[in-house]
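This report introduces a protein structure to a reader who has not met it before. Please look over the sequence and the model before reading on.

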Amino acid sequence: MMSRAVRLRRLLTASLTAGMFLFTASAGAAQSGITVTVQDNYQADYGVTIPFTRSPRTTDYTFSLYEGGSAAGTPAVSAKVEMTAAQEDVYLPLAYDITGPQSYTLKIEARPLADRIGTDMAAAREFPFTTKPTCGCAAGTAGAFYRGNGSAADPFYVGSQQQLAHVGAHNGGQFKQARDVDLAGNPWTSLSSDGIVYDGGGHRIKNLKTDGGVGDAGLWVLLSNSTVKNLAIVGGEVRGSIIGGLAGKASSSTVQGCYTDVSMVSNVDNVYGHAISGGLIGASYGTVVEDCYALGKQSVTTAPYANYQGGIIGYTQNDSAISRCYFAGILSAGNARYLGGTLGVQDRRFGFSGDRIGSCYWLVGTAYGIGTYMPPTGALGDPFNSGTQGLGAAQLASASSFSSWNFENVWRMDSGAGRPVLRVFDNPKDS
Ligand SMILES: [Zn+2]
């Protein structure tokens, strides 16, 4: 008796549409009832999750992802999927473009089980789809993120200038920079962020050119309640009244493992008559900077009433802290009294409970020193007395000069540069 062969049409639930695809960083929790075996040598630490309901007649599938609108040519990813569960998420690694939408076609092939060959017949279906923003913004939003959900486990990935600008649209989010971002040719509008974590991943932002006029400027104009780490700002020029290579102002934030090498030109604001610059941060309010360094030149457009310049931070209040940092650039404002190799002015009139500068150094060069503090009462003008120290070129090139620095994991001495550098920038991983 011959039974008529049945094509395995019931491959998929009706819910399997492009809108159901999830673009995720990992397969997540261990799954039962499914084994996905990806083709040789294909690797990506992010990909696509496809909710799938199998046919009751087979457990044997192949899932393939092709670039473009049809299943033509060689698939980018192909996986054998053995599935005994009735319903499960099929996770496929896929290194799609993280900076914008990209079109793919999913082809699912079903094969009959060995004992049903002749009874059932293989079948295939194709599902074209386009990657969508993962940050909740509408498709087409400039700079929307295409990888990550902004959590600590699955941060938004930043891979382009537009995406860097889009950081400002997601306060409270966590970010990871995927590669170097070059801002050359495009004036930068300083970001303002609150409650974020930005991990540069050992990557650089190049050619930052921003001008705050009589306002403030930096990569961020204002960084609040945030953490920035493992990020370098290299090349370009920052202009404004209160400026920093990283942030003009930083409040209740933490900066770790960063460096800057930018030109900074500060001018007098139209409110207080101040011009303030710092290699990392212009003005700090209760912010902590650790294991950072700055190069570059800081100058002023005019000789103002008061210009505060610091190699790392220009001005602090509210118990800011600076630990294990050095400056090997140039401060060139007119009044040397307010220039510090680490910090320009420590304002002790607001919430000051003790000196919180430790193991910081600067390359002795032009006429500046250890900065000034502003006592709760009395005149500006007394120098710091602890925590920061000038080094000559030979001392800067010797690890033994740096008290309590971690040269095993955080820093290494670069004999060519004649100064310490941060290890995180040695071999950053692009993605
Ligand atoms: Zn968004």
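The following paragraphs describe a sheet, a set of parallel strand pairings, a nonpolar core and two backbone angles.

The model is predicted, and every value below is computed from it.

**The antiparallel sheet**

An open sheet is built from 5 strands, whose order is β3-β6-β5-β8-β10 and whose pairing is antiparallel. Its edges are formed by β3 (34–38) and β10 (123–130), each of which pairs on one side only. On average, neighbouring strands of this sheet are turned by 20° against each other, direction ignored. As a general matter, the strands of a sheet pair through backbone hydrogen bonds, in either a parallel or an antiparallel manner.

At one edge, β3 is joined to β6 by 5 bridges, and the two strands run antiparallel. Threonine 37 stands opposite lysine 80 in β6. On its other pairing, β6 meets strand β5 (residues 60–67) in the antiparallel sense over 6 bridges, where aspartate 60 has glutamate 82 of β6 as its bridge partner. The two faces of strand β6 (residues 77–83) can be told apart: Val77, Ala79, Val81 and Met83 make up the covered face, whereas Ser78, Lys80 and Glu82 make up the uncovered one. Thus Lys80 and Glu82, both on the uncovered face, appear again in the pairings with threonine 37 and aspartate 60.

At the other edge, strand β8 (residues 103–111) runs antiparallel to β10, with 8 bridges between them. Lysine 107 has glutamate 126 in β10 as its bridge partner.

**Parallel pairings around β15**

Strand β15 (residues 197–211) takes part in several parallel pairings, which the table sets out.

| Strand pair | Bridges | Direction |
|---|---|---|
| β12 (residues 174–177) and β15 (residues 197–211) | 3 bridges | parallel |
| β13 (residues 181–182) and β15 | 2 bridges | parallel |
| β15 and β17 | 11 bridges | parallel |

Particular residues mark these pairings. Valine 197 of β15 stands opposite glutamine 174, and the bridge partner of valine 197 in β17 is threonine 227. For valine 181, the bridge partner in β15 is isoleucine 205.

**The nonpolar core**

In soluble globular proteins, nonpolar side chains tend to be buried together. Here the largest nonpolar core comprises 99 residues, and those with the most contacts inside it are Leu246, Cys258, Leu280, Val289, Cys292 and Ile312. Strand β17 (residues 227–240) gives the most to this core, contributing 5 residues. The core draws at least three residues from each of domain 1 (6–130) and domain 2 (156–425).

Which residues are in contact with cysteine 292, leaving aside its neighbours within four places in sequence? They are Val255, Gly257, Cys258, Tyr259, Leu280, Ile312 and Cys325. Among these contacts, Cys258, Leu280 and Ile312 are also listed with the residues that have the most contacts inside the core.

**Two positive phi angles**

Most residues other than glycine have a negative phi. Asparagine 225 is not a glycine, yet its phi is positive, at about 50°. This residue lies in the loop between β16 (220–224) and β17. Is asparagine 225 buried or partly exposed? It counts as partly exposed because it has 17 C-beta neighbours inside 10 Å, and 20 or more would be needed for a buried residue.

Arginine 324 likewise has a positive phi, near 50°, and is a residue other than glycine. Its setting is strand β28 (residues 321–327). Arginine 324 has 22 C-beta neighbours inside 10 Å and therefore counts as buried.

Definitions and conventions: Residues are numbered from 1 along each chain as its sequence is written. This is a predicted model: local features need pLDDT of at least 70, side-chain atom pairs count only at pLDDT 80 or more; totals for chains, interfaces and linings use all residues. Two strands pair if DSSP finds at least two bridges between them. Helices (H or I, at least four residues) and strands (E, at least two) are DSSP runs, numbered from the N terminus. Axes are lines fitted to C-alpha atoms, for helices over the stretch in contact, and angles run from 0 to 180 degrees between N-to-C directions. A residue is buried if 20 or more other C-beta atoms lie within 10 Å of its own, exposed if 12 or fewer, and partly exposed in between; C-beta atoms are placed from the backbone. A nonpolar core is a set of buried Ala, Val, Leu, Ile, Met, Phe, Trp, Tyr and Cys residues joined through C-beta atoms within 7 Å. Domain bounds come from an automatic or database domain assignment. Two residues are in contact if their C-beta atoms, placed from the backbone, lie within 7 Å.
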